Every structure is written in C-alpha cells, then in structure tokens.
Amino acid sequence: MNWIFEPWPWYLGGPMIAAVMFLLIMVGKNFGMSANLRTMCAICGAGKKVEFFKFDWKAQRWNLIVVIGTVIGGFIGSHYLSDNTAVAINVNTIKDLNSLGFASAGDAYLPTELFDNNSLTDIKSLAILIVGGLLVGFGTRYAGGCTSGHAISGLSDLQIPSLIAVTGFFIGGLIMINFLFPLIF
Amino acid sequence: MRGIVYLCIGVFFGIVLFKSEAASWFRIYEMFQFRSFHMYGIIGSAVGLGIIIIQFIKRMNIRSFYGEKIIFSPKKKGFRNYMFGGIIFGLGWVLVGACPGPMFTLLGAGYLPILVVVAAAIIGTYLYGLLKDKLPH
C-alpha cells in the first residue's frame, strides 16, 4: 500500500478524474468547478447590481458541497496521504526555474517564492497572485468553463467549443511562459 | 443524503488532484514547456476514458443512480468568447499554477496565499459579469 504515499502516476490520476466526472453525471449533475465562482458572486449579492448573477444560486448548492469536499480532500491528501510532497519535475525545467529565481523547484509542491506565508507581505508576489487570480476568474467565465468544464467534460462530450477554449488555454499558457515570464521574474 | 454523496465525490476529487500533482504549480509550468508527459497523461487519459463513458451512457440510455434521465447540454456555438476567454484563462493558469478545482485543493492543503488567488478569481468572475455585454462573444 506504499504507493498511496508516493506521488500518483498519470495513469491513476487521469482515470480517477474521469471517475469523478462519471460519478457526478450518474447523480444527475455535471463536472465543472468554475461555475462555483459565479455562484459565490451571487451569494455575495452580485445579482443586485449585475444581471449575470441574477439566478437561482440555491440550485447550485450541490456544486458548493463538491468544493467543500475538494478542500477537505486537499487536506487529507497533503497531511495523511503524503510522505514527501516535493514534485519531481524535469531536470531541465528545474534549471530553467532556478535561473528565473525559483530556488524551490524540485524541492517543493508549490514554489515557496509565491506560496509561503511571506508572500502575503511581499508586494510583487501578492501582485502576481492577484493578477493571476483575476485572469483565471475572468477568463474562465468568458470562455464558459475551465479545465474541468471544457478540457475534461467538454472534450469528453466531443464539444467543438470546448476544443476552441482548450486551444485558447494553451495559447495563453505559452504566451505567459515564453514571453511574459522573462519580464515578470 | 445526496449532500453526503456530493461531499464524498469532492473529497475524492481533492485527494486525486493533490496526489496526482495536477495541483502543483511546477507541473503546470513543466507541461507548457512540453518537457514531461505527466499532465498530458492525466488530461489525455481522463478525456479518453471520458469519451468512452459518455458515449456508453448516451448509446445505452443509461439512467442516473436515482433513475432519472441523463441530459447532456451541448455548449453554445461560438468562437470568440471561447478563444479570447481561453487565452485569458491560460495566462492566469500558468501564472498562479492553479485552475478553479486545484485552487480549493491547495486551500485545504494549507497554502494560505492561495486564498488571495481564490478571492481574486471571484472578483475576476464578477468583472466578467459586469463587462459581459461589452465584450465580443
């Protein structure tokens, strides 16, 4: 059973994500995480000012429960199911990241330069987290879905719009890594 | 009762995201450098199996666990919103290394700064709602 405490290979992770989608379909729901961000806006009262948030968010409560589960799952996965959370990425990627200033590459789950608690008081790290979050939130709703709604659910249902969105995800990601990272870091 | 089912599915999803390292900023970076098969393996095998699952459900007229008819709603036709929205999402995805599922996993794993990302993502969603009618769709 030691494999549980090791990082899980893709051929376990991928089918398990498909299983999550299958289970949600089989309980009459769908797999899409970003819809929750819209629900959270509605709960905060955004529907009073903006038409887009005027909907019956209570019908989306099931998805918020999935989110709560996802948080709990992250806690269980990191605290009880992992011996060592360092991510063994490609050696050349580690070198590239080191030269960009990410000394934690290869030794951590997330770069400590952005995600340890000191970054909450570091203006640059904070700015990166805010801008990144804004882009994710804005882009995902503009595109009508994220990695779960488009890349997994949409592509699995052979939806052309999802293929366009996923192509967009890649264009955006490649622009960020190749052109913007050297300017930011 | 159904609430517990949703919660369990969520817990399973959160564990899978963390343990498969799909919630790792480093894995996302590495994916966009095309230096590892890992993330492609995860997404590819999930989609490959997903296609089989959905085709099976559709062709066999499988009903849900509760005996209800399963409805798949096709995405609306369009190009610009999917492409432009997708690009904006991709820019942010690589920068913070987390999309709307993994960001909640990471919150549970105890990375406090991800709260900033979650809050910003909610505000980003609000900004989209605010500007929706002015954007090309």
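Buried area is the accessible area that two parts lose on being put together, summed over both. In this predicted model, chain B and chain A bury about 10300 Å² between them, and 80% of that area lies on carbon and sulfur atoms. The contact brings together 108 residues of chain B and 127 residues of chain A.

Polar links also join the two chains. Between chain B and chain A there are 24 residue pairs in polar contact, counting pairs with both residues at pLDDT 80 or more. The salt bridges between these chains number 2; one of them pairs the side chains of Lys58(B) and Asp157(A), at 2.6 Å from N to O. On the side of chain B that touches chain A, at least two residues come from each of helices H1 (2–19), H2 (25–32), H3 (38–59), H4 (80–96), H5 (102–109) and H6 (114–131) of chain B. By residue type, this side of chain B comprises 73 nonpolar, 25 polar and 10 charged residues.

A second contact can be followed inside chain A, which is divided into domain 1 (1–82) and domain 2 (116–185). Their C-alpha centres lie 17 Å apart, and each domain of chain A gives 10 residues to the contact. About 700 Å² is buried between these domains, with carbon and sulfur atoms giving 70%. In domain 1 of chain A, Met21(A), Phe31(A) and Ser34(A) lose the most area to domain 2, together 58% of what that side buries.

Between the two domains of chain A, the count is 0 salt bridges and 4 residue pairs in polar contact, both residues at pLDDT 80 or more. Helices H1 (10–26) and H2 (35–43) of chain A each supply at least two residues of the domain 1 side, where H2(A) gives the most, with 3 residues.

Key: Residues are numbered from 1 along each chain as its sequence is written. Chains are lettered from A and ligands numbered from 1 in the order in which they are written. Side-chain values use heavy atoms; hydrogens and water are left out. Contact means heavy atoms within 4.5 Å. Buried area is the accessible area (1.4 Å probe) that two parts lose on being put together, summed over both. A salt bridge is a side-chain nitrogen of Lys or Arg within 4 Å of a carboxyl oxygen of Asp or Glu. A polar contact is a pair of N or O atoms within 3.5 Å; within protein, one must be able to donate a hydrogen and the other to accept it, and residues adjacent in sequence count only if both atoms are side-chain atoms. Helices (H or I, at least four residues) and strands (E, at least two) are DSSP runs, numbered from the N terminus. Ala, Val, Leu, Ile, Met, Phe, Trp, Tyr, Cys and Pro count as nonpolar, Asp, Glu, Lys and Arg as charged, and the others, Gly among them, as polar. Domain bounds come from an automatic or database domain assignment.
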